[in-house]
Amino acid sequence: MRSLAPLLLTVGIFVGCASDPKWKRQAFAFSLPADPPTTNAPTHIVALSRVSISPLFQSRSFTYRKAENTYEQDPYAGFLVPPERALAEPIRAWMRASGVFGRVVQPGSGLTPTLVVEVSINELYGDFRNASQPVGTMEIHFIGYEVKDGAAGRIVLDKVCAHEAPLARKTPDALMAAWDADLRKIMEEINLEYSKANSGER
């Protein structure tokens with residue numbers, strides 16, 4: 001029994017550390033735009049019909065890029081819901097708040113959309129390849145097309161946007177803040193791109 005005492009003490013120490021709050025899994029979500037929805041929108045009824053994400057980043061755990069071809073996943077930090085769902089609502093909210101697309105409906109709406117937007121997230125990770133300047137990386141491909149009589153029509157938007165925001169600290173909450181900044185900049189670019197390309201429809 002005496003020989004087991006140090007082993008039991010060691011196990012107890014690790015169990016004690018694992019129960020500490022800093023070891024508990026943290027769950028994060030994207031922020032929504034603070035501004036109220038714009039009311040002077042075009043007449044389009046808009047649906048965000050599809051949000052997909054690269055298989056490399058489909059895990060709810062945060063992904064960190066450590067070298068050119070080396071990635072790690074954080075077992076203690078991740079999204080509250082799968083990342084494609086975590087991004088769908090803020091993207092929809094940014095589209096709605098901008099007012100440039102039209103009246104953006106929620107999933108399951110009884111309204112028939114006249115404009116459909118599909119989104120693919122190509123990159124979503126914390127880039128730690130430069131240890132002194134870590135960044136949150138995001139790249140999104142947007143495709144928007146008109147719908148008439150239930151059939152896809154003219155493509156009105158086809159653009160890939162990428163952004164990297166610096167991390168204030170090397171922590172999961174700082175990475176989430178960087179991704180929030182990435183998404184805000186990307187949505188501002190997308191809204192401006194669509195507005196310029198389709199200014200005649202107002």
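Visitor: Which residue stands opposite Asp127 in strand 7?

Guide: Welcome! Keep in mind that this is a predicted model. Strand 6 and strand 7 run antiparallel and are joined by 12 bridges. Opposite Asp127, on strand 7, you will find Val135.

Visitor: And what is the bridge partner of Val147 in strand 8?

Guide: Follow strand 7 onward to its pairing with strand 8, where 13 bridges join the two antiparallel strands. These two strands form a hairpin with two residues between them. The partner of Val147 in strand 8 is Ala152.

Visitor: Which residue in the turn of that hairpin has a positive phi?

Guide: Look between strand 7 and strand 8, where two residues make the link. A positive phi of about 55 degrees belongs to Asp149.

Visitor: Which element gives the most residues to the largest nonpolar core?

Guide: That core has 46 residues, and Ile91, Phe101 and Phe142 have the most contacts inside it. Several elements give two or more residues to the core, including strand 7, helix 2 and helix 3. Phe142, for one, touches Ile91 as well as Ile186, Met187 and Ile190, among others. With 11 residues, the top contributor is helix 3.

Visitor: Now for the largest pocket: which element gives the most to its lining?

Guide: The largest pocket has a volume of about 170 Å³. Of its 14 lining residues, those closest to the centre are Ala47, Leu48, Ser49, Arg92 and Pro107. Two elements give two or more residues to the lining, helix 2 and strand 2. The most, five residues, comes from strand 2.

Visitor: How many residues of that lining are charged?

Guide: The lining divides into three groups, with eight nonpolar residues and four polar ones. The charged residues number two.

How values were computed
Residues numbered from 1 in each chain as written. Predicted model: local features only at pLDDT ≥ 70, side-chain atom pairs only at ≥ 80, totals over all residues. Heavy atoms only, no water. Core = buried A, V, L, I, M, F, W, Y, C linked by side-chain atoms within 4.5 Å. Buried < 20%, exposed > 50% of the residue type's maximum accessible area, 1.4 Å probe, protein only. Helix = DSSP H or I, 4+ residues; strand = E, 2+ residues; numbered from the N terminus. Contact = heavy atoms within 4.5 Å. Pairing = 2+ DSSP bridges. 1 Å grid on protein atoms, 1.4 Å probe; cavity = no way out; pocket = protein on both sides within 12 Å on 5 of 7 lines; lining within 4 Å. Points joined across faces, edges and corners; volume = space filled by probe spheres on them. Nonpolar A, V, L, I, M, F, W, Y, C, P; charged D, E, K, R; others polar. Lists of a residue's contacts leave out its neighbours within four places in sequence.
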